[in-house]
Amino acid sequence: MACFFGHKWDGCTCRKCGKTRDQQHDFQPVPNKCEEKCSRCGKIRPRDHKFSMMKDKCFEKCERCGELREKHDYKNGFST
């Protein structure tokens, strides 16, 4: 009944009743993960990996979460 005459939105969360909506989130990066979390309601969304080549390896490593993916560079038909 607190919001009978309308919600008082503070971004994605109503200040009166605590209801959330999927608009105006305040996403912040989560350390050591490729995701962001809303500081108001806790919703999590994925974030793109930030891959870079590992020296002398055929792998790229994400600088944020540590995920590896295979990556080959070929020269004259051979992986370099």
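In what order do the three strands of the open sheet with strands 6, 7 and 8 lie, and is their pairing parallel or antiparallel? The strands follow the order 6-7-8, and the pairing is antiparallel. This description rests on a predicted model.

**Overall architecture**

The protein contains ten strands and zero helices. Read from the N terminus, its elements run β-β-β-β-β-β-β-β-β-β. Of the 80 residues in the protein, 16% are buried. Among contacts with a separation of 6 or more, 11% are accounted for by residues 24 or more positions apart.

**The sheet of strands 6, 7 and 8**

Three strands make up this open sheet, in the order 6-7-8. Its edges are strand 6 (51-53) and strand 8 (68-70), each of which pairs on one side only. On average, neighbouring strands of this sheet are turned by 30° against each other, direction ignored. Strand 6 is joined to strand 7 (residues 59-62) by three bridges, and the two run antiparallel. Within this pairing, Ser52 has Lys61 of strand 7 as its bridge partner.

**The sheet of strands 3, 4 and 5**

A further open sheet of three strands has the order 3-4-5, again with antiparallel pairing. Here strand 3 and strand 5 are the edge strands, each pairing on one side only. Neighbouring strands of this sheet are turned by 35° against each other on average, direction ignored. As a general matter, the strands of a sheet pair through backbone hydrogen bonds, in either a parallel or an antiparallel manner.

Strand 3 (residues 27-29) runs antiparallel to strand 4, and three bridges join them. The hairpin of these two strands has five residues between the strands, and Asn32 takes a positive phi near 65° there. Strand 4 also pairs with strand 5 (residues 44-46), in the antiparallel sense and over three bridges. That pair forms a hairpin with five residues between the strands, and Gly42 in the turn has a positive phi of about 90°.

The bridge partners identified in the two sheets are listed below.

| Residue | Bridge partner | Strand of the partner |
|---|---|---|
| Phe27 | Cys38 | strand 4 |
| Glu36 | Arg45 | strand 5 |
| Lys37 | Ile44 | strand 5 |
| Ser52 | Lys61 | strand 7 |

**Strand 4 and the setting of Glu36**

Which residues of strand 4 lie on its covered face, and which on its uncovered one? The covered face consists of Glu36 and Cys38, whereas Glu35 and Lys37 form the uncovered face. Glu36 lies in strand 4, which spans residues 35-38. Its relative accessible area is 15%, so Glu36 is buried. The side chain of Glu36 makes a polar contact of 2.6 Å with the side chain of Arg45. Arg45 is also the bridge partner of Glu36 in strand 5. Leaving aside residues up to four places away in sequence, Glu36 touches Phe27, Gln28, Pro29, Val30, Lys43, Ile44, Arg45 and Arg47.

**Aromatic pairing**

How many aromatic pairs does the model contain? The count comes to one aromatic pair. The ring centres of Phe4 and Phe5 are 5.0 Å apart and their planes stand at 85°, so the pair is edge-to-face; an angle over 60 degrees is required for that class. Both partners are assigned to the exposed class: Phe4 counts as exposed because its relative accessibility is 59%, and Phe5 counts as exposed because its relative accessibility is 81%.

**Cysteines**

Why does the sulfur of Cys3 form no bond with the closest cysteine sulfur? That closest sulfur belongs to Cys14 and is 3.5 Å away, which is too far for a bond; a disulfide requires the two sulfur atoms to be within 2.5 Å. The count of disulfides in the model comes to zero.

The accessibility of two cysteines can also be stated. Cys3 counts as buried because its relative accessibility is 16%, while Cys58 counts as partly exposed at 23% relative accessibility. Cys38 belongs to the covered face of strand 4 and is the bridge partner of Phe27.

Note on methods. Residues are numbered from 1 along each chain as its sequence is written. This is a predicted model: local features need pLDDT of at least 70, side-chain atom pairs count only at pLDDT 80 or more; totals for chains, interfaces and linings use all residues. Side-chain values use heavy atoms; hydrogens and water are left out. Rings of Phe, Tyr and Trp (its six-membered ring) pair if their centres lie within 6.5 Å; planes under 30 degrees apart count as stacked, over 60 as edge-to-face and the rest as tilted. Buried means under 20% relative accessible area, exposed over 50%, partly exposed in between (1.4 Å probe, protein chains only). Helices (H or I, at least four residues) and strands (E, at least two) are DSSP runs, numbered from the N terminus. A polar contact is a pair of N or O atoms within 3.5 Å; within protein, one must be able to donate a hydrogen and the other to accept it, and residues adjacent in sequence count only if both atoms are side-chain atoms. Contact means heavy atoms within 4.5 Å. Two strands pair if DSSP finds at least two bridges between them. Axes are lines fitted to C-alpha atoms, for helices over the stretch in contact, and angles run from 0 to 180 degrees between N-to-C directions.
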